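Subject: Structure handover

Hi,

Here is the structure I promised to pass on. Have it open while you read, and my notes follow below.

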Amino acid sequence: MLKLFDKVRAGIEKPSAVPNAVITNRISRLNVSSLKNISPDEAFIVSIQHLQADPLEGRFLLSGRSDGSILLHQIKNISPSLTYQCKRLWKCGKHDKEGHRYSVECIRWFPNDTGLFVSAAFDKRLKIWDTSSMRCVETISYEGKIYNFDLSPAKRSDNCSVAVCCDKGIVSVFDIKSGTNVHTLKHHVGDVLACNWSPLDEHILCTGGADNKVLLWDTRSAKNCLMSLNRSNSIQITISNPCVNNFTAHSGSVNSVKFVKNGLKLISCGTDNVIRLWDTLSGKNELVDYDDFVNHTKRSVHVDISRETTPEFIYVPSGDTVNVYNVATGELVNKLKGHFNSVNCCFYEPFQCELYSGCIDGLIMVWRDESTEVVAF
């Protein structure tokens with residue numbers, strides 16, 4: 001660190017390199033927090049399927065559960081004490097009038113508005129919620145189970161599109177502003193388990209399914225499908241309709257896809273216990289080796305990528321652990337152990353440099369670097 005300060009003084013490195021290095025060091029030392037915890041709600045009974053902190057302040061954490069319930073916790077410590085018990089602010093269960101009836105598979109805040117969030121469940125319904133009243137303001141019904149969805153990174157919430165992954169190979173794109181379904185993408189065979197919008201272009205969508213395929217789409221194009229990723233790199237993808245070929249990205253179901261921050265790279269995870277890094281412009285498999293990864297679930301697995309760090313890290317549920325990899329090299333940087341059963345999801349909260357993970361055992365664990373806690377006066 002002292003050498004870095006010398007480089008900044010000499011003008012070799014930019015001043016922004018200092019906080020970047022501090023954040024990177026803290027992430028590499030993540031461990032189970034002894035100062036902050038979230039009390040289990042019916043622990044060891046209700047599986048945590050997905051969780052996400054609000055994108056503007058990192059103050060509130062939403063979690064969706066296998067019994068159809070949704071919980072909201074306050075995770076930001078605004079008290080002077082170092083120890084903090086995260087408070088449960090709200091719960092909506094399956095017996096509530098507006099609640100989901102079956103497992104909540106995905107729950108997300110609007111990208112630039114903490115006044116709204118969206119949930120989807122196996123009851124074939126997608127719900128939009130208003131946080132000022134904590135009421136469901138709109139319900140959209142689908143013909144099949146919903147495994148996952150993602151919100152496009154639009155600058156305005158009323159221009160946001162929702163990509164919804166359903167069974168029977170269907171991906172529906174719902175426009176929030178008009179309240180209508182604008183696209184139905186049908187090139188997958190079998191259940192579609194994962195999707196992610198590109199942070200580089202709000203019209204570019206990636207999907208992964210039980211047919212072992214990873215497809216890239218442009219929702220403005222008449223043909224929609226741009227590319228089917230090929231793990232072997234043996235054939236150039238230049239035919240007029242890339243979705244009719246037999247290219248596969250994995251030898252098992254693809255249940256997680258995630259764009260890297262700049263949108264030029266893509267991570268995919270499959271039930272073949274393989275993580276792959278792709279170039280999104282050429283569709284090339286970068287052949288990066290990510291060791292010691294376990295993935296046998298037939299549902300979506302929610303991974304996350306660090307922000308404002310060099311290098312970038314990816315957090316991946318792997319059995320009863322969370323593996324932390326260097327995105328570019330595949331190096332296993334850390335292996336976070338503490339859960340007693342399979343981990344379904346994890347979320348990196350950049351404001352406090354914390355990681356949250358949810359598990360089948362009903363626990364939400366907080367991971368942070370507490371080796372250099374600083375008390376502010």
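Let me start with one hairpin: β19 and strand β20 (residues 265-270) run antiparallel to each other and are joined by 5 bridges. Before you go on, please keep in mind that this is a predicted model.

**The sheet around β20**

Within the β19/β20 pairing, S256 sits opposite C269 of β20, and K258 has I267 in β20 as its bridge partner. There are 5 residues between the two strands of this hairpin, and G263 takes a positive phi near 80° there.

On to the next strand: β20 is joined to β21 by 6 bridges, again antiparallel. K265 has D279 in β21 as its bridge partner. The hairpin of β20 and β21 has 3 residues between the strands, and here N273 is the residue with a positive phi, near 65°.

Put together, that gives an open sheet of 3 strands in the order β19-β20-β21, with antiparallel pairing. Its edge strands are β19 (254-259) and β21 (274-279), each of which pairs on one side only. Ignoring direction, neighbouring strands of this sheet are turned by 20° against each other on average. As for β20, 5 of its 6 residues are buried, so the strand is mostly covered.

**A four-stranded sheet**

There is also an open sheet of 4 strands, ordered β15-β16-β17-β18 and paired antiparallel. Here the edge strands are β15 (192-197) and β18 (225-228), and each pairs on one side only. The twist from one strand to the next averages 20°. β15 pairs with strand β16 (residues 204-209) in the antiparallel sense over 5 bridges, and N196 faces C206 in β16.

**β23 and its neighbours**

How many of the residues in strand β23 (residues 313-318) are buried? The count is 6 of 6, so this strand is mostly covered too. In a regular strand the side chains alternate between the two faces of the sheet. In β23 both faces are covered: F313, Y315 and P317 are buried on one side, and I314, V316 and S318 are buried on the other.

β23 has pairing partners in β22 and β24. Strand β22 (residues 304-305) pairs with β23 in the antiparallel sense over 2 bridges, with D304 opposite Y315. Strand β24 (residues 321-326) is joined to β23 by 6 bridges, also antiparallel, and Y325 in β24 is the bridge partner of I314. β23 and β24 make a hairpin with 2 residues between them, where G319 in the turn has a positive phi of about 65°.

**Aromatic pairs**

If you like rings, the structure holds 7 aromatic pairs. One of them is W90 with F117: the ring centres are 6.2 Å apart and the planes are at 65°, which is over the 60 degrees needed, so the pair is edge-to-face. W90 lies in strand β6 (residues 84-92) and F117 in strand β8 (residues 113-121), so this pair ties together parts that are 27 residues apart in sequence. W90 has a relative accessible area of 15%, and F117 has 1%; both are under the 20% cut-off, so both count as buried.

W90 also pairs edge-to-face with W129, at 5.6 Å centre to centre and with 70° between the planes. W129 is in strand β9 (residues 125-130) and W90 in β6, so this pair ties together parts that are 39 residues apart in sequence. W129 is buried, as is W90. Add W109, and W90, W109, F117 and W129 form one aromatic cluster.

Two rings have a charged residue over the face. K145 lies over F122, at 5.0 Å from the ring centre, and R307 lies over F347, at 5.8 Å from the ring centre.

**The nonpolar core**

Finally, the largest nonpolar core has 17 residues, and those with the most contacts inside it are L126, Y142, F149, V162 and V164. The elements giving two or more residues to this core are β7 (104-110), β8, β9, β11 (146-151) and β12 (161-166). What does V164 touch, not counting residues up to four places away in sequence? V164 touches L126, Y142, I146, N148, F149, I170, V171 and S172.

Cheers

Notes. Residues numbered from 1 in each chain as written. Heavy atoms only, no water. Phe/Tyr/Trp six-rings, centres within 6.5 Å; stacked < 30°, edge-to-face > 60°. Buried < 20%, exposed > 50% of the residue type's maximum accessible area, 1.4 Å probe, protein only. Lys NZ or Arg CZ within 6 Å of the ring centre and 35° of its normal. Pairing = 2+ DSSP bridges. Axes fitted to C-alpha atoms, helices over the stretch in contact; angles between N-to-C directions. Core = buried A, V, L, I, M, F, W, Y, C linked by side-chain atoms within 4.5 Å. Contact = heavy atoms within 4.5 Å.
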